[in-house]
Amino acid sequence: MSVNEFIEKFQSQLENPNVEITPETEYSNESYWDSLTAMVVKVMIEDEYGVDIEPEQITSLKNINSLYSYVIEKKQ
């Protein structure tokens, strides 16, 4: 899995999937980010990658690249 594939899956969970997201995007500071979005992303990560992560952990990570790295590390 590449970071670009991860970004596509992340984007598909958003209310507006046309939002531009890069590895450097600090998603928790964006207007589309809220607790419901964190829960939806949590479920996506569990379903797609088999990684259990709490919504608070998702929100606390700095950017998409940090979240991606966390998922890759926990998946192994």
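A polar contact, as used in these legends, is a pair of N or O atoms within 3.5 Å; within protein, one must be able to donate a hydrogen and the other to accept it, and residues adjacent in sequence count only if both atoms are side-chain atoms. The model shown is predicted, so local features need pLDDT of at least 70 and side-chain atom pairs count only at pLDDT 80 or more, while totals for chains, interfaces and linings use all residues. Residues are numbered from 1 along each chain as its sequence is written, and side-chain values use heavy atoms, with hydrogens and water left out.

**View 1. Asp34 caps the N-terminal end of helix H2.** Helices here are DSSP runs (H or I, at least four residues), numbered from the N terminus. Asp34 sits in the loop between H1 and H2. What does the backbone nitrogen of Leu36 lie 3.2 Å from? Its partner is a polar atom of the Asp34 side chain, and that atom is an oxygen. Asp34 has 40% relative accessibility and therefore counts as partly exposed (from 20% to 50% relative accessible area, with a 1.4 Å probe and protein chains only; buried means under 20% and exposed over 50%). For orientation, Asn63 is 29 residues from Asp34 in sequence, and their C-alpha atoms are 15 Å apart in space.

**View 2. Helix H2 has a buried face.** Thr37, Ala38, Val41, Lys42, Met44, Ile45 and Tyr49 are the buried residues of H2. Seen down the helix axis they fall within an arc of 165° (taken from the directions from the axis to the C-beta atoms), so they line one face of H2. Ser35, Leu36 and Asp47, on the other side, are exposed. The cover over the buried residues includes H1, helix H3 (55-60) and H4, where contact means heavy atoms within 4.5 Å. Take Thr37 as one of the buried set: its relative accessibility is 11%, which is why it counts as buried. Beyond its neighbours within four places in sequence, Thr37 is in contact with Leu14 and Tyr32.

**View 3. The length of H2 agrees with the expected span.** The 15 residues of H2 should span 21 Å at 1.5 Å a residue (1.5 Å times one less than the number of residues), and the end C-alpha atoms are indeed 21 Å apart. After the helix comes Gly50, with a positive phi near 70°.

**View 4. Gln11 of helix H1 reaches a backbone oxygen.** Gln11 belongs to H1, which covers residues 3-12. Is Gln11 buried or exposed? Its relative accessibility is 17%, so Gln11 counts as buried. The Gln11 side chain comes to 2.5 Å from the backbone oxygen of Val19. Leaving out residues up to four places away in sequence, Gln11 touches Pro17, Val19, Glu20 and Ile21.

**View 5. H1 meets H4.** Buried in H1 are Val3, Phe6, Ile7, Phe10 and Gln11. These residues cover an arc of only 135° around the axis, which puts them on the same side of H1. Helix H2 (35-49) and helix H4 (64-75) are among what covers them. The axes of H1 and H4 come within 10 Å and cross at roughly 105° (lines fitted to C-alpha atoms over the stretch in contact, with angles from 0 to 180 degrees between N-to-C directions). That makes H1 roughly perpendicular to H4 (65 to 115 degrees). Val3, Phe6, Ile7 and Phe10 of H1 make the contact with Ile64, Asn65, Leu67, Tyr68 and Val71 of H4.

Definitions and conventions:
Helices (H or I, at least four residues) and strands (E, at least two) are DSSP runs, numbered from the N terminus. Angles under 35 degrees count as roughly parallel, over 145 as roughly antiparallel, 65 to 115 as roughly perpendicular and the rest as oblique.
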